[in-house]
Amino acid sequence: MDLVDPILSMVLEIHSLVENVKANKKRCCRVAKRVNALEELLKSIKKRARSQISADVHQALRELKYTLESAQNLIRKYASANLVERILKSSSHGDEFSSINERLNDAFQILSGALQVEHRDILYRVFEATSRMREDEDDGKEDDAELKTMLLEFMRDQQEKTETILRQFNEHKANVENVLEMINKPSVMSEVIRMIKPQELKYSYPKEPFMKTPTSEVYKGEFHGFTVAIKRYTDLINTSPGEIRAVFNKEVETMKRFESPNILRMFGICVQDEDGPKPQFLIVMEYCEKGSLREVLDSSCKLSWTRKARMCWDAARGLYRLHQTEEKSKVHGCINSNKFLVAQGYRVKLGGFELAKTETSLKKMTKGKEIKSLCYSCPQKLSDINHPYSKDCEIYSFGIVLWEIATRKKPFDGCSSQQIYDKVCVEKCPEPLPEDCPDALGELVNACRAFESFSRPSAGVLVDKLQCMVESLEDK
(Lines give C-alpha, C1' and ligand atoms only; values in the text may rest on other atoms or scores of the structure.)
Protein backbone atom coordinates (compact mmCIF):
# COMPACT_ATOMS: atom_id res chain seq x y z
CA MET A 1 0.00 0.00 0.00
CA ASP A 2 1.38 3.42 -0.99
CA LEU A 3 -0.16 5.07 2.07
CA VAL A 4 0.60 2.52 4.78
CA ASP A 5 4.39 2.99 5.02
CA PRO A 6 4.21 6.81 5.31
CA ILE A 7 1.47 6.46 7.93
CA LEU A 8 3.53 3.94 9.94
CA SER A 9 6.46 6.38 9.79
CA MET A 10 4.19 9.08 11.20
CA VAL A 11 3.17 6.70 14.02
CA LEU A 12 6.85 6.29 14.99
CA GLU A 13 7.37 10.05 14.81
CA ILE A 14 4.42 10.62 17.16
CA HIS A 15 5.88 8.17 19.72
CA SER A 16 9.22 10.00 19.52
CA LEU A 17 7.60 13.41 19.98
CA VAL A 18 5.61 12.29 23.02
CA GLU A 19 8.85 11.58 24.89
CA ASN A 20 9.71 15.29 24.74
CA VAL A 21 6.41 16.96 25.62
CA LYS A 22 6.57 19.59 28.37
CA ALA A 23 2.84 20.01 29.12
CA ASN A 24 -0.39 18.06 28.63
CA LYS A 25 1.70 14.90 28.95
CA LYS A 26 -1.27 12.70 29.86
CA ARG A 27 -3.35 13.87 26.89
CA CYS A 28 -0.39 13.43 24.51
CA CYS A 29 0.34 9.92 25.84
CA ARG A 30 -3.33 9.00 25.41
CA VAL A 31 -3.21 10.10 21.77
CA ALA A 32 -0.03 8.04 21.30
CA LYS A 33 -1.69 4.98 22.85
CA ARG A 34 -4.62 5.23 20.44
CA VAL A 35 -2.27 5.76 17.52
CA ASN A 36 -0.40 2.63 18.63
CA ALA A 37 -3.67 0.65 18.59
CA LEU A 38 -4.26 1.80 15.02
CA GLU A 39 -0.75 0.57 14.15
CA GLU A 40 -2.01 -3.03 14.50
CA LEU A 41 -4.72 -2.35 11.93
CA LEU A 42 -2.19 -0.75 9.58
CA LYS A 43 0.10 -3.78 9.75
CA SER A 44 -2.86 -6.01 8.87
CA ILE A 45 -3.58 -3.84 5.84
CA LYS A 46 0.04 -4.00 4.75
CA LYS A 47 -0.07 -7.80 4.63
CA ARG A 48 -3.01 -7.77 2.21
CA ALA A 49 -2.78 -7.70 -1.54
CA ARG A 50 -3.71 -4.40 -3.19
CA SER A 51 -6.76 -6.04 -4.78
CA GLN A 52 -8.08 -6.95 -1.32
CA ILE A 53 -8.20 -3.34 -0.13
CA SER A 54 -11.63 -1.72 -0.58
CA ALA A 55 -12.28 1.84 -1.68
CA ASP A 56 -13.62 2.61 1.82
CA VAL A 57 -10.33 1.53 3.38
CA HIS A 58 -8.38 3.65 0.85
CA GLN A 59 -10.48 6.67 1.77
CA ALA A 60 -10.14 5.97 5.50
CA LEU A 61 -6.34 5.75 5.13
CA ARG A 62 -6.20 9.07 3.29
CA GLU A 63 -8.21 10.76 6.01
CA LEU A 64 -6.17 9.03 8.75
CA LYS A 65 -3.01 10.54 7.20
CA TYR A 66 -4.47 14.02 7.62
CA THR A 67 -5.49 13.22 11.20
CA LEU A 68 -2.01 11.96 12.10
CA GLU A 69 -0.50 15.13 10.61
CA SER A 70 -2.74 17.12 12.94
CA ALA A 71 -1.69 14.90 15.85
CA GLN A 72 2.00 15.43 15.00
CA ASN A 73 1.60 19.20 14.90
CA LEU A 74 -0.37 19.22 18.14
CA ILE A 75 2.16 17.11 20.08
CA ARG A 76 5.05 19.06 18.54
CA LYS A 77 3.40 22.19 19.92
CA TYR A 78 3.66 20.87 23.49
CA ALA A 79 7.28 19.81 22.92
CA SER A 80 8.39 23.15 21.48
CA ALA A 81 10.73 25.65 23.13
CA ASN A 82 8.15 28.46 22.94
CA LEU A 83 5.46 26.31 24.52
CA VAL A 84 4.03 28.91 26.91
CA GLU A 85 3.82 31.57 24.21
CA ARG A 86 1.83 29.21 21.96
CA ILE A 87 -0.55 28.20 24.75
CA LEU A 88 -1.31 31.83 25.52
CA LYS A 89 -2.10 32.57 21.87
CA SER A 90 -4.47 29.60 21.65
CA SER A 91 -8.12 30.21 22.58
CA SER A 92 -9.15 26.56 22.60
CA HIS A 93 -7.09 24.84 25.29
CA GLY A 94 -7.99 21.13 25.30
CA ASP A 95 -10.23 21.33 22.22
CA GLU A 96 -7.39 20.19 19.94
CA PHE A 97 -7.18 16.87 21.79
CA SER A 98 -10.96 16.33 21.59
CA SER A 99 -10.84 16.84 17.84
CA ILE A 100 -7.86 14.50 17.33
CA ASN A 101 -9.36 11.77 19.53
CA GLU A 102 -12.69 11.99 17.71
CA ARG A 103 -10.97 11.57 14.36
CA LEU A 104 -8.79 8.66 15.59
CA ASN A 105 -11.87 6.93 16.98
CA ASP A 106 -13.71 7.33 13.67
CA ALA A 107 -10.69 5.99 11.75
CA PHE A 108 -10.57 2.93 14.01
CA GLN A 109 -14.30 2.26 13.52
CA ILE A 110 -14.00 2.42 9.73
CA LEU A 111 -10.80 0.37 9.41
CA SER A 112 -11.68 -2.30 11.97
CA GLY A 113 -15.15 -2.71 10.52
CA ALA A 114 -13.71 -3.19 7.03
CA LEU A 115 -10.84 -5.49 7.99
CA GLN A 116 -12.35 -7.55 10.84
CA VAL A 117 -8.86 -8.20 12.19
CA GLU A 118 -8.13 -10.96 14.65
CA HIS A 119 -7.33 -8.63 17.52
CA ARG A 120 -10.32 -6.36 17.02
CA ASP A 121 -11.81 -7.03 20.48
CA ILE A 122 -8.53 -6.16 22.19
CA LEU A 123 -8.15 -2.95 20.17
CA TYR A 124 -11.79 -2.01 20.65
CA ARG A 125 -11.21 -1.52 24.36
CA VAL A 126 -8.79 1.31 23.53
CA PHE A 127 -11.55 3.17 21.67
CA GLU A 128 -14.66 2.02 23.61
CA ALA A 129 -16.70 5.20 24.18
CA THR A 130 -17.30 5.00 27.96
CA SER A 131 -13.72 4.19 28.93
CA ARG A 132 -12.36 6.63 26.33
CA MET A 133 -14.34 9.54 27.76
CA ARG A 134 -13.38 8.62 31.33
CA GLU A 135 -9.69 8.33 30.40
CA ASP A 136 -9.76 11.66 28.57
CA GLU A 137 -11.42 13.35 31.54
CA ASP A 138 -8.87 11.95 34.02
CA ASP A 139 -5.97 12.91 31.71
CA GLY A 140 -7.38 16.40 31.33
CA LYS A 141 -7.62 16.99 35.09
CA GLU A 142 -3.99 15.99 35.68
CA ASP A 143 -2.69 17.93 32.68
CA ASP A 144 -4.71 21.02 33.61
CA ALA A 145 -3.28 20.96 37.16
CA GLU A 146 0.26 20.89 35.76
CA LEU A 147 -0.61 23.54 33.20
CA LYS A 148 -1.99 25.83 35.92
CA THR A 149 1.31 25.59 37.78
CA MET A 150 3.29 26.24 34.60
CA LEU A 151 1.21 29.27 33.64
CA LEU A 152 1.32 30.77 37.12
CA GLU A 153 5.11 30.32 37.24
CA PHE A 154 5.38 31.96 33.85
CA MET A 155 3.32 34.92 35.08
CA ARG A 156 5.57 35.36 38.14
CA ASP A 157 8.66 35.32 35.90
CA GLN A 158 7.17 38.03 33.70
CA GLN A 159 6.54 40.25 36.72
CA GLU A 160 10.30 40.41 37.33
CA LYS A 161 11.01 41.96 33.92
CA THR A 162 11.72 45.65 33.43
CA GLU A 163 9.24 48.39 32.59
CA THR A 164 10.22 48.22 28.91
CA ILE A 165 8.30 44.93 28.56
CA LEU A 166 5.44 45.89 30.90
CA ARG A 167 2.94 46.18 28.06
CA GLN A 168 3.83 42.69 26.79
CA PHE A 169 3.61 41.33 30.32
CA ASN A 170 0.10 42.73 30.78
CA GLU A 171 -0.99 40.98 27.58
CA HIS A 172 0.43 37.70 28.84
CA LYS A 173 -1.28 38.16 32.19
CA ALA A 174 -4.66 38.72 30.53
CA ASN A 175 -4.17 35.63 28.38
CA VAL A 176 -3.20 33.55 31.41
CA GLU A 177 -6.32 34.65 33.22
CA ASN A 178 -8.44 33.76 30.22
CA VAL A 179 -6.93 30.27 30.00
CA LEU A 180 -7.35 29.69 33.74
CA GLU A 181 -10.92 30.93 33.60
CA MET A 182 -11.61 28.55 30.71
CA ILE A 183 -10.12 25.64 32.67
CA ASN A 184 -12.10 26.39 35.85
CA LYS A 185 -15.35 27.57 34.29
CA PRO A 186 -18.24 25.07 34.39
CA SER A 187 -18.92 23.60 30.97
CA VAL A 188 -22.29 24.11 29.31
CA MET A 189 -21.96 20.46 28.26
CA SER A 190 -22.53 19.45 31.90
CA GLU A 191 -26.11 20.78 31.79
CA VAL A 192 -28.76 18.26 30.76
CA ILE A 193 -31.32 19.35 28.15
CA ARG A 194 -34.59 19.35 30.09
CA MET A 195 -37.76 21.14 31.15
CA ILE A 196 -36.71 24.22 33.13
CA LYS A 197 -38.67 25.61 36.09
CA PRO A 198 -39.61 29.32 35.82
CA GLN A 199 -37.82 30.13 39.10
CA GLU A 200 -34.53 28.85 37.63
CA LEU A 201 -34.47 31.67 35.07
CA LYS A 202 -33.49 35.31 35.51
CA TYR A 203 -34.20 37.71 32.68
CA SER A 204 -35.33 41.25 32.02
CA TYR A 205 -38.87 40.73 30.64
CA PRO A 206 -40.81 42.97 29.97
CA LYS A 207 -37.80 45.21 29.27
CA GLU A 208 -36.63 45.67 25.70
CA PRO A 209 -35.46 42.40 24.06
CA PHE A 210 -32.17 42.42 22.16
CA MET A 211 -33.80 40.76 19.13
CA LYS A 212 -37.31 40.50 17.69
CA THR A 213 -38.87 38.26 15.02
CA PRO A 214 -42.45 38.22 13.70
CA THR A 215 -43.29 35.46 16.21
CA SER A 216 -40.89 35.94 19.13
CA GLU A 217 -38.78 38.19 21.33
CA VAL A 218 -35.30 37.19 22.52
CA TYR A 219 -33.97 38.33 25.91
CA LYS A 220 -30.62 38.04 27.62
CA GLY A 221 -30.89 36.15 30.89
CA GLU A 222 -29.20 33.81 33.35
CA PHE A 223 -29.62 30.10 34.08
CA HIS A 224 -27.50 28.16 36.59
CA GLY A 225 -24.70 30.74 36.35
CA PHE A 226 -24.66 30.70 32.53
CA THR A 227 -25.59 33.69 30.41
CA VAL A 228 -28.41 32.52 28.13
CA ALA A 229 -30.65 33.74 25.34
CA ILE A 230 -34.34 33.26 26.13
CA LYS A 231 -36.77 33.16 23.22
CA ARG A 232 -40.31 34.12 24.24
CA TYR A 233 -43.11 33.47 21.74
CA THR A 234 -45.55 36.31 21.12
CA ASP A 235 -47.90 34.74 18.55
CA LEU A 236 -48.72 31.24 19.71
CA ILE A 237 -50.87 28.59 18.14
CA ASN A 238 -53.50 26.96 20.38
CA THR A 239 -51.30 24.17 21.75
CA SER A 240 -51.47 22.75 25.27
CA PRO A 241 -48.39 22.52 27.53
CA GLY A 242 -48.80 18.73 27.54
CA GLU A 243 -48.53 18.53 23.75
CA ILE A 244 -45.46 20.76 23.75
CA ARG A 245 -43.80 18.60 26.42
CA ALA A 246 -44.42 15.45 24.35
CA VAL A 247 -42.76 16.95 21.26
CA PHE A 248 -39.87 18.33 23.34
CA ASN A 249 -39.17 15.03 25.11
CA LYS A 250 -38.86 13.21 21.77
CA GLU A 251 -36.56 15.87 20.35
CA VAL A 252 -34.21 15.93 23.37
CA GLU A 253 -32.83 12.49 22.51
CA THR A 254 -31.96 13.71 19.01
CA MET A 255 -30.24 16.84 20.33
CA LYS A 256 -27.99 14.84 22.69
CA ARG A 257 -26.22 13.33 19.68
CA PHE A 258 -25.11 16.78 18.54
CA GLU A 259 -23.48 17.97 21.77
CA SER A 260 -20.26 19.82 20.88
CA PRO A 261 -18.44 23.03 21.89
CA ASN A 262 -19.05 24.23 18.33
CA ILE A 263 -22.78 23.58 18.20
CA LEU A 264 -25.09 26.07 19.91
CA ARG A 265 -26.08 24.58 23.27
CA MET A 266 -29.76 24.21 24.05
CA PHE A 267 -30.65 24.08 27.74
CA GLY A 268 -34.34 23.29 27.34
CA ILE A 269 -37.81 24.86 27.43
CA CYS A 270 -39.73 26.58 30.21
CA VAL A 271 -43.50 27.03 30.63
CA GLN A 272 -44.67 30.06 32.63
CA ASP A 273 -48.23 30.31 33.99
CA GLU A 274 -48.80 26.73 32.89
CA ASP A 275 -52.19 26.49 34.62
CA GLY A 276 -53.35 29.94 33.54
CA PRO A 277 -55.44 30.90 30.50
CA LYS A 278 -52.38 32.04 28.49
CA PRO A 279 -49.28 30.01 29.34
CA GLN A 280 -45.98 31.43 28.06
CA PHE A 281 -43.42 29.17 26.35
CA LEU A 282 -39.69 29.95 26.47
CA ILE A 283 -36.79 28.24 24.70
CA VAL A 284 -33.52 28.64 26.62
CA MET A 285 -30.26 28.48 24.67
CA GLU A 286 -26.61 29.48 24.93
CA TYR A 287 -25.98 33.22 24.55
CA CYS A 288 -23.47 34.29 21.90
CA GLU A 289 -22.56 37.88 22.69
CA LYS A 290 -21.20 38.84 19.26
CA GLY A 291 -24.30 37.76 17.34
CA SER A 292 -24.29 35.94 14.03
CA LEU A 293 -21.17 35.33 11.96
CA ARG A 294 -22.59 37.63 9.29
CA GLU A 295 -22.97 40.44 11.86
CA VAL A 296 -19.34 40.01 12.98
CA LEU A 297 -18.11 40.11 9.36
CA ASP A 298 -20.15 43.26 8.72
CA SER A 299 -18.77 44.98 11.83
CA SER A 300 -15.63 47.11 12.15
CA CYS A 301 -13.75 44.60 14.34
CA LYS A 302 -10.26 43.60 13.19
CA LEU A 303 -9.77 39.97 12.17
CA SER A 304 -6.26 38.69 11.50
CA TRP A 305 -5.72 35.69 9.20
CA THR A 306 -4.95 33.61 12.28
CA ARG A 307 -8.28 34.63 13.81
CA LYS A 308 -10.11 33.96 10.54
CA ALA A 309 -8.51 30.51 10.23
CA ARG A 310 -9.53 29.63 13.78
CA MET A 311 -13.10 30.79 13.11
CA CYS A 312 -13.14 28.56 10.00
CA TRP A 313 -11.86 25.65 12.09
CA ASP A 314 -14.57 26.22 14.72
CA ALA A 315 -17.27 26.30 12.05
CA ALA A 316 -15.92 23.12 10.43
CA ARG A 317 -15.95 21.29 13.77
CA GLY A 318 -19.62 22.17 14.26
CA LEU A 319 -20.48 20.90 10.78
CA TYR A 320 -18.39 17.74 11.32
CA ARG A 321 -20.25 16.88 14.53
CA LEU A 322 -23.55 17.24 12.68
CA HIS A 323 -22.42 15.12 9.71
CA GLN A 324 -20.68 12.48 11.84
CA THR A 325 -23.71 10.87 13.49
CA GLU A 326 -25.24 7.45 13.26
CA GLU A 327 -27.76 9.01 10.87
CA LYS A 328 -25.71 8.65 7.70
CA SER A 329 -27.60 11.33 5.80
CA LYS A 330 -27.89 13.93 8.60
CA VAL A 331 -27.42 17.42 7.22
CA HIS A 332 -28.25 20.92 8.43
CA GLY A 333 -30.25 21.83 5.32
CA CYS A 334 -29.67 25.59 5.42
CA ILE A 335 -25.99 26.44 5.88
CA ASN A 336 -25.20 30.15 5.62
CA SER A 337 -23.33 32.79 7.62
CA ASN A 338 -26.43 33.67 9.64
CA LYS A 339 -26.70 30.10 10.96
CA PHE A 340 -23.32 30.37 12.70
CA LEU A 341 -23.16 32.38 15.94
CA VAL A 342 -20.08 33.95 17.54
CA ALA A 343 -19.46 33.77 21.29
CA GLN A 344 -16.79 35.32 23.51
CA GLY A 345 -13.28 34.95 22.13
CA TYR A 346 -14.72 34.73 18.60
CA ARG A 347 -15.70 31.09 19.18
CA VAL A 348 -17.98 30.08 16.28
CA LYS A 349 -20.92 27.77 16.87
CA LEU A 350 -23.37 26.18 14.45
CA GLY A 351 -27.02 26.91 15.18
CA GLY A 352 -30.32 27.10 13.38
CA PHE A 353 -31.56 23.53 13.75
CA GLU A 354 -31.89 22.84 17.49
CA LEU A 355 -35.33 21.87 18.84
CA ALA A 356 -36.81 22.63 15.42
CA LYS A 357 -39.91 20.47 15.93
CA THR A 358 -40.62 22.02 19.33
CA GLU A 359 -40.31 25.50 17.86
CA THR A 360 -42.56 24.63 14.91
CA SER A 361 -45.23 23.39 17.31
CA LEU A 362 -45.12 26.72 19.19
CA LYS A 363 -45.29 29.36 16.47
CA LYS A 364 -47.81 30.15 13.77
CA MET A 365 -46.77 29.83 10.16
CA THR A 366 -46.21 33.25 8.61
CA LYS A 367 -48.10 34.14 5.47
CA GLY A 368 -46.33 33.88 2.17
CA LYS A 369 -43.19 31.96 1.30
CA GLU A 370 -39.72 33.25 1.93
CA ILE A 371 -37.56 33.18 -1.18
CA LYS A 372 -34.48 31.16 -0.32
CA SER A 373 -31.18 32.72 -1.39
CA LEU A 374 -29.42 30.92 -4.20
CA CYS A 375 -26.00 32.22 -3.08
CA TYR A 376 -25.28 29.03 -1.15
CA SER A 377 -26.75 26.55 -3.65
CA CYS A 378 -24.31 24.16 -5.31
CA PRO A 379 -24.18 23.89 -9.14
CA GLN A 380 -26.17 20.64 -9.07
CA LYS A 381 -29.07 22.26 -7.18
CA LEU A 382 -28.97 25.39 -9.36
CA SER A 383 -29.19 23.21 -12.49
CA ASP A 384 -31.84 20.84 -11.15
CA ILE A 385 -34.12 21.87 -8.27
CA ASN A 386 -34.97 18.19 -7.75
CA HIS A 387 -31.34 17.18 -7.24
CA PRO A 388 -31.19 15.40 -3.85
CA TYR A 389 -29.68 17.50 -1.08
CA SER A 390 -26.64 15.75 0.43
CA LYS A 391 -23.52 16.34 2.48
CA ASP A 392 -21.69 17.24 -0.75
CA CYS A 393 -24.23 20.02 -1.35
CA GLU A 394 -23.75 21.22 2.20
CA ILE A 395 -19.95 21.28 1.86
CA TYR A 396 -20.41 23.65 -1.12
CA SER A 397 -22.60 25.93 1.03
CA PHE A 398 -19.98 25.76 3.77
CA GLY A 399 -17.34 26.76 1.21
CA ILE A 400 -19.31 29.95 0.56
CA VAL A 401 -19.29 30.64 4.32
CA LEU A 402 -15.50 30.13 4.40
CA TRP A 403 -15.22 32.56 1.48
CA GLU A 404 -17.25 35.09 3.49
CA ILE A 405 -14.88 34.76 6.45
CA ALA A 406 -11.88 35.22 4.17
CA THR A 407 -13.28 38.26 2.34
CA ARG A 408 -15.85 39.62 4.84
CA LYS A 409 -18.06 40.25 1.79
CA LYS A 410 -21.56 39.02 0.99
CA PRO A 411 -21.67 36.30 -1.69
CA PHE A 412 -22.87 37.38 -5.14
CA ASP A 413 -23.82 40.76 -3.70
CA GLY A 414 -26.21 42.57 -6.04
CA CYS A 415 -26.55 39.62 -8.45
CA SER A 416 -29.88 38.37 -9.74
CA SER A 417 -30.84 34.69 -9.70
CA GLN A 418 -29.94 34.40 -13.38
CA GLN A 419 -26.57 36.06 -12.85
CA ILE A 420 -25.76 33.66 -9.99
CA TYR A 421 -26.67 30.71 -12.22
CA ASP A 422 -24.49 32.04 -15.06
CA LYS A 423 -21.46 32.62 -12.81
CA VAL A 424 -21.67 29.21 -11.10
CA CYS A 425 -23.01 26.87 -13.77
CA VAL A 426 -22.05 28.46 -17.08
CA GLU A 427 -18.86 30.43 -16.47
CA LYS A 428 -17.77 28.12 -13.60
CA CYS A 429 -15.98 31.10 -12.15
CA PRO A 430 -16.12 31.29 -8.33
CA GLU A 431 -15.84 34.68 -6.68
CA PRO A 432 -12.18 35.62 -6.07
CA LEU A 433 -10.31 35.49 -2.76
CA PRO A 434 -8.11 38.33 -1.40
CA GLU A 435 -4.55 38.42 -2.71
CA ASP A 436 -3.13 38.10 0.81
CA CYS A 437 -5.25 35.04 1.65
CA PRO A 438 -2.98 32.22 2.94
CA ASP A 439 -2.50 29.64 0.19
CA ALA A 440 -3.64 26.73 2.37
CA LEU A 441 -6.89 28.49 3.27
CA GLY A 442 -7.53 29.51 -0.34
CA GLU A 443 -7.07 25.92 -1.52
CA LEU A 444 -9.61 24.67 1.04
CA VAL A 445 -12.17 27.33 0.13
CA ASN A 446 -11.85 26.48 -3.55
CA ALA A 447 -11.99 22.73 -2.87
CA CYS A 448 -15.30 23.18 -1.03
CA ARG A 449 -16.64 25.24 -3.96
CA ALA A 450 -15.51 22.69 -6.57
CA PHE A 451 -17.97 22.31 -9.45
CA GLU A 452 -18.03 18.50 -9.23
CA SER A 453 -19.42 17.20 -5.94
CA PHE A 454 -16.91 14.32 -5.71
CA SER A 455 -14.04 16.83 -5.61
CA ARG A 456 -15.25 18.45 -2.39
CA PRO A 457 -13.62 17.35 0.89
CA SER A 458 -15.51 15.80 3.79
CA ALA A 459 -16.11 17.80 6.97
CA GLY A 460 -13.56 15.58 8.72
CA VAL A 461 -10.81 16.44 6.25
CA LEU A 462 -11.67 20.14 6.67
CA VAL A 463 -11.27 19.83 10.44
CA ASP A 464 -7.85 18.16 10.10
CA LYS A 465 -6.48 20.61 7.51
CA LEU A 466 -7.80 23.70 9.27
CA GLN A 467 -6.29 22.55 12.56
CA CYS A 468 -2.88 22.21 10.87
CA MET A 469 -3.35 25.62 9.28
CA VAL A 470 -4.16 27.29 12.62
CA GLU A 471 -1.07 25.73 14.22
CA SER A 472 1.09 26.96 11.33
CA LEU A 473 -0.25 30.52 11.47
CA GLU A 474 0.17 30.69 15.26
CA ASP A 475 3.84 29.72 14.86
CA LYS A 476 4.54 32.80 12.73
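In the predicted model, I196 has C270 of β6 as its bridge partner. This pair belongs to the contact between strand β1 (residues 194-196) and β6, which run parallel and are joined by 3 bridges. On pairing with strand β7 (residues 280-286), β6 adopts the antiparallel sense, with 6 bridges between the two. Within that pairing, M266 is matched with M285 of β7. Strand β6 itself spans residues 266-272, and 7 of its 7 residues are buried, so that the strand is mostly covered under the 20% limit on relative accessible area. As a general point, side chains in a regular strand alternate between the two faces of the sheet.

The protein as a whole contains 17 helices and 9 strands. Of its 476 residues, 50% are buried. Among contacts with a separation of 6 or more, 74% are made by residues 24 or more positions apart. The accessible surface amounts to about 24,000 Å², and carbon and sulfur atoms account for 49% of that surface.

The largest nonpolar core comprises 53 residues. Within this core, the residues that touch the most other members are L293, F340, F398, L441 and L466. Two or more core residues are supplied by each of the helices α10 (293-298), α11 (305-323), α14 (391-407), α15 (417-426), α16 (439-448) and α17 (459-475), and likewise by the strands β8 (340-342) and β9 (348-350). The surroundings of L293 were examined with residues up to four places away in sequence left out. On that basis, L293 touches M311, S337, F340, L341, V342, V401 and I405. A second core, separate from the largest one, has 49 residues; V4, V21, F97 and M155 are among them. In soluble globular proteins, nonpolar side chains tend to be buried together.

The cysteines were also considered. The structure holds 0 disulfides. C288 has a relative accessibility of 10% and therefore counts as buried, since the limit for that class is under 20%. C301, at 17% relative accessibility, also falls under the 20% limit and therefore counts as buried. A further cysteine, C270, is the bridge partner of I196 in β6, a strand in which 7 of 7 residues are buried.

How values were computed. Residues numbered from 1 in each chain as written. Predicted model: local features only at pLDDT ≥ 70, side-chain atom pairs only at ≥ 80, totals over all residues. Heavy atoms only, no water. Helix = DSSP H or I, 4+ residues; strand = E, 2+ residues; numbered from the N terminus. Buried < 20%, exposed > 50% of the residue type's maximum accessible area, 1.4 Å probe, protein only. Contact = heavy atoms within 4.5 Å. Areas by Shrake-Rupley, 256 points an atom, 1.4 Å probe, with all protein chains shown as cover. Core = buried A, V, L, I, M, F, W, Y, C linked by side-chain atoms within 4.5 Å. Disulfide = S-S within 2.5 Å. Pairing = 2+ DSSP bridges.
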